[in-house]
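I am opening a new notebook page for this structure. My plan is to look up a few things and write down what I find.

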There are 2 protein chains.
Amino acid sequence: MTRPTVNDIAREAGVSLATVDRVLNARPGVREKTILAVHQAIDRLGYVRDLAAANLARSRSYRMVALLPDSDSQFVQTLADALTEAAALAAASRTELDLLRYPPEDMHILAARLAELRPDETAGVALMAPETPIVRDAVRALRGRGIPLVALGSDLPNTGRDHFVGIDSHAAGRTAGVLMGRFCRGLKGRVLPIADSMLLRDSIERRRGFDEVLQADFPDLDAMPTLETHGAPDVLHRIVGARLAATPDVVGLYLLGSGHRALAALLRDRGLLGRFVVIGHELTPHSRSALRSGHLDAVIAQNPGHLARSALRVLRAKADRQPIDEGQEQLRIEVVIRENLPPEPAEDCQIRAA
Amino acid sequence: MTRPTVNDIAREAGVSLATVDRVLNARPGVREKTILAVHQAIDRLGYVRDLAAANLARSRSYRMVALLPDSDSQFVQTLADALTEAAALAAASRTELDLLRYPPEDMHILAARLAELRPDETAGVALMAPETPIVRDAVRALRGRGIPLVALGSDLPNTGRDHFVGIDSHAAGRTAGVLMGRFCRGLKGRVLPIADSMLLRDSIERRRGFDEVLQADFPDLDAMPTLETHGAPDVLHRIVGARLAATPDVVGLYLLGSGHRALAALLRDRGLLGRFVVIGHELTPHSRSALRSGHLDAVIAQNPGHLARSALRVLRAKADRQPIDEGQEQLRIEVVIRENLPPEPAEDCQIRAA
DNA sequence: TCATTTCTGAGGAACGTACCTCAAAAATTG
DNA sequence: CAATTTTTGAGGTACGTTCCTCAGAAATGA
């Protein structure tokens, strides 16, 4: 009737509790034959290890570290909030999170930060960073010391990171392309992509996916060369303004990175609001308000809350050397328009029970 | 350095462990003054109760019941699978789930099922059912016996259910309407809504949201009266075929409920594939394949995995009398097109660690 | 065969909390 | 003031697991 415990398995398998424990925790010193017998007993009884008890006994607490660039990007800020909130929840399961920021312009500082993390103090690291050689080496060294690392938001495929928590930028770009194409149905003209920097892998991949779709399925649309704003609103205002003035047949704008507010300001200044189909990425306070007011037609987003929780779950699983539930960790490419805009996340954070 | 425990609170507050325990678990026999002192100590130390240890000590196990209609609807089937998978995961935290089905045509049987659930055996119920008077009374009686209930997928607002796990049908309909309108940009004509039955609240609300948007923002599109298929593929084939033959200016099809396969078959038979913009609801094997092949342009969906996990989390929180994390339980209205179609969920279910 | 290595059993302490009992202390009553 | 009630303290056991030690059994080598 009641749930089987390790003692039940021991009895069922005809071995001692100690042996069951050795098998369950993959400790050495057990014959293949015995391991098999224990596993069969586990299957017969349908034993599921009680995680609560296991973690209690381990009395291990998990100190995770999240490293985000200290940029004023709204997406990073939103993600930081989501991480903080997820950490508050995870505190109940002995997981704490140190949220650190590094200056985005100097990867050496980031590398130094990573280098000073010690395996006995750090159960795992979630890192959001571009994959430069310096970062790559630092990540490899970190993993060499036995500290698991997940790439957050932007992948680091050549570092041997344990996991990538985020969405496929190429597919996200394709999605943006389809929406652009369909929203521009019947129109003929050019689409202007606007990015922070085309040195970032994410932007490159988004752009590639976007172009693929436009070329294959929407021959009436023509993607122009990407304008780079380097995250500066005034640069965006100037160069996008100039390009629009010089190109009368632009029908769509594709905002690959940040700049929602600057773009809205520009369009308002020039009396161009509503003249273009505008597609962007990531849901932030600015893109939310642009969606609401109709200056932005759709956003391709990843859910920061899911990102944060998934990162913590994966790190926890890695720290426990447990397999991860691929299904649950699969992040979706979200399409957000005004009508399915999720409600603003609440600011207050309840801790104590009622 | 390490996490504070009940003993630390006792010391900090200058009381005994027993008193701290009484306060934490809201047991009687403690003066207001002492309660306050303990709470202050808790705040000062930043104590967070270790849920794992707490539940272990309680040695409480949670038997949840999910009740789904025994229809052959693919969405219900998908949801059932998701619930089973979520339950396998939840087993590690002493939560088990009994997945029951009831004949969709007889609410009396459902009511009887609900009536026989006893509070000492059942920690919570997740119910997917239309809100008929019989169901309403049964749910009220259930809650009267102290068993928490969450409405799953389809809300039961007038039953006093503890929580609704699902998306707002009205907003989902609006989202469908916007996509229909935008995908039909430049076209003038009629849109044909197809539903299983317009007696279901979900269909009514979706239709209402859809109409609102079409009327307000897309004057070139005109929504026709809804065709009801009663879930029968042959009925769909016949009546939709007839209506399309009689109405040459249909530009869009809006599938409010099931019938993706039957609709695809009809369009294929008549050589009409690709002639209409088709928008549907819910991601199922049939709608997936329709999206992939291009017979379906977009799907408005709720993630069954999230639904299932959210339902279990909420029920668990209710059973523990803990507050629920609104942010995490907020389900999104997902827009799925071919480009952001999530990968097919894997069939196999890893249980044991590697 | 004996020595050696490899495996197994028995037992116990610990993790942080819940919940129980009994007695002592403090507050409240008449 | 004593009698009563209310509040508090001290100590214990239990939950299911992890992880430790040490001795003894079994398998393996020479």
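**Entry 1: a strand in chain B**

I note at the outset that I am working with a predicted model. I began with the strands of chain B and looked up how β10(B), residues 277-281, sits beside β11(B). The two run parallel and are joined by 3 bridges. I picked out one pair: B:I279 stands opposite B:A298 in β11(B).

Next I asked what the chain does around β10(B) and β11(B). Together with helix α12 of chain B, residues 285-293, these strands make a β-α-β unit, and the unit is right-handed.

I then checked the side chains of β11(B), residues 298-301. B:A298 and B:I300 point one way. B:V299 and B:A301 point the other way. I found all four of these residues buried.

β11(B) has another partner in β12(B), residues 334-336. Here the pairing is antiparallel, again with 3 bridges. I looked up B:A301 and found its bridge partner in β12(B) to be B:E334.

**Entry 2: a strand in chain A**

I moved to β4(A), residues 149-152. Are its residues buried or exposed? I found both faces covered. A:L149 and A:A151 lie on one side, A:V150 and A:L152 on the other, and all are buried.

I looked up the pairing on either hand. β3(A), residues 124-127, pairs with β4(A) in the parallel sense over 3 bridges. Within that pairing, A:A126 has A:V150 as its bridge partner. From β3(A) the chain goes through helix α7 of chain A, residues 133-144, to reach β4(A). I noted this β-α-β crossover as right-handed.

β5(A), residues 163-165, also runs parallel to β4(A), and 3 bridges join them. I marked A:L152, which stands opposite A:V165 in β5(A).

**Entry 3: the two copies**

I asked how chain B can be laid on chain A. A turn of 179° does it, with a shift of 0.3 Å along the axis, and the RMSD is 0.5 Å. I recorded that as the relation of a two-fold axis. The same surface serves both copies, since 98% of the contact residues of chain B recur in chain A.

Which residue of chain B comes closest to the rotation axis? I found B:A52, with its C-alpha at 2.4 Å.

**Entry 4: where the chains touch**

I looked up the contact between the chains. On chain B, 46 residues are in contact with 46 residues of chain A. Several elements of chain B each supply at least two residues to its side, among them α5 (74-90), α14 (326-329) and β12. α8(B) gives the most, with 6 residues.

I also sorted this side of chain B by class. It divides into 21 nonpolar, 12 polar and 13 charged residues.

**Entry 5: the DNA strands**

I turned to DNA strand C and found 24 residues around it. The closest come from both chains: A:S16, A:T34, A:S59, B:T5 and B:A57. α2 and α4 of chain A, along with α2 and α4 of chain B, each supply at least two residues of the surface near this strand. The most come from α4(B), with 5 residues. By class I have 12 nonpolar, 7 polar and 5 charged.

DNA strand D came next. I found 24 residues surrounding it, the closest being A:T5, A:A57, B:S16, B:V30 and B:T34. α2 and α4 of each chain, A and B, supply at least two residues apiece here. For strand D the largest share, 5 residues, comes from α4(A). The classes near strand D are 12 nonpolar, 7 polar and 5 charged.

**Entry 6: two positive phi values**

I looked up backbone angles last. A:A26 is not a glycine, yet its phi is positive, about 55°. I located A:A26 in the loop between α2 and α3 of chain A. Why do I call A:A26 exposed? Because 11 other C-beta atoms lie within 10 Å of A:A26, and 12 or fewer counts as exposed.

A:H230 is a residue other than glycine whose phi is positive too, near 55°. I found A:H230 in the loop between β8 and α10 of chain A. It counts as exposed because it has 11 C-beta neighbours inside 10 Å.

Key:
Residues numbered from 1 in each chain as written. Chains lettered and ligands numbered in written order. Predicted model: local features only at pLDDT ≥ 70, side-chain atom pairs only at ≥ 80, totals over all residues. Least-squares fit on C-alpha atoms with pLDDT ≥ 70 in both. Contact = placed C-beta atoms within 7 Å. Buried ≥ 20, exposed ≤ 12 C-beta atoms within 10 Å, placed from the backbone. Helix = DSSP H or I, 4+ residues; strand = E, 2+ residues; numbered from the N terminus. Pairing = 2+ DSSP bridges. Right-handed = clockwise from strand over helix to strand, strands pointing away. Nonpolar A, V, L, I, M, F, W, Y, C, P; charged D, E, K, R; others polar. Near = placed C-beta within 6 Å.
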